[in-house]
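I sat down with this model to look up a few things and jot them down as I went. Here are my entries.

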Amino acid sequence: RARRARRGEPDVTDEQLDAAYTDVCRALTDAGEAGAERFLARLVLLLMHEVDDPARIARAVEAARIQR
């Protein structure tokens, strides 16, 4: 987050992140078990377009990868 602030972009507060996470949780509940995977896939694609930075997207994918 600090990198965004250095570039002059607004920083996201913890409260804003919490609210966004709550929105995602509610949307997942609304989608139900059958629609959750489709919702998450669509959300990821939309957020990738918003990020618009292949290197940042690759780092996020690696960070999210589940270690076995």
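**Where H2 ends**

First stop: the residue right after H2 is Asp52, and its phi is positive, near 55°. I should keep in mind that this is a predicted model. I noted the phi of Asp52 because a positive value turns up here in a residue other than glycine. Next I checked where Asp52 sits, and it belongs to the loop between H2 and helix H3 (54–64). Is Asp52 buried or exposed? I get a relative accessible area of 64% for Asp52, so I put it down as exposed, the cut-off being over 50%.

**The bend in H2**

Then I went back along H2 itself. It runs over residues 14–51, which is 38 residues, yet I find its end C-alpha atoms only 19 Å apart. A straight helix at 1.5 Å a residue would reach 56 Å. Where does H2 bend? I located the bend at Gly32, and the angle is about 125°.

**Val24 and its contacts**

I picked Val24 next, which is also in helix H2. What does Val24 touch, leaving aside its neighbours within four places in sequence? I found Phe39 and Leu43 in contact with Val24. Leu43 is 19 residues from Val24 along the chain, and I read 9.1 Å between their C-alpha atoms. Val24 comes out at 24% relative accessibility, so I have it as partly exposed: buried would need under 20%.

**A nonpolar patch**

On to the surface. Which residues make the nonpolar patch? I have Val44, Leu45 and Met48 down for it, with an area of about 250 Å². Val44 is placed in helix H2. I looked up its exposure too: Val44 is partly exposed, at 45% relative accessible area. A reminder to myself on spacing: an α-helix has 3.6 residues a turn, so residues three or four places apart point the same way.

**Salt bridge**

Last entry. How many salt bridges does the count come to? I get one. The partners are Arg65 and Glu62, whose side chains meet at 3.3 Å, N to O. That is inside the 4 Å cut-off, so I count the pair. I also checked how covered the two partners are. Arg65 is partly exposed, with a relative accessible area of 48%, and Glu62 is partly exposed as well, at 44%.

Notes. Residues are numbered from 1 along each chain as its sequence is written. This is a predicted model: local features need pLDDT of at least 70, side-chain atom pairs count only at pLDDT 80 or more; totals for chains, interfaces and linings use all residues. Side-chain values use heavy atoms; hydrogens and water are left out. Helices (H or I, at least four residues) and strands (E, at least two) are DSSP runs, numbered from the N terminus. The expected span of a helix is 1.5 Å times one less than its number of residues. The bend at a residue is the angle between axes fitted to the seven residues ending there and the seven starting there. Buried means under 20% relative accessible area, exposed over 50%, partly exposed in between (1.4 Å probe, protein chains only). Patches are made of residues with over 30% relative accessible area and no salt bridge: like charges are joined within 9 Å, nonpolar side chains (Val, Leu, Ile, Met, Phe, Trp, Tyr) within 5 Å. Accessible areas come from the Shrake-Rupley method with a 1.4 Å probe; for residues, only the protein chains shown count as cover. Contact means heavy atoms within 4.5 Å.
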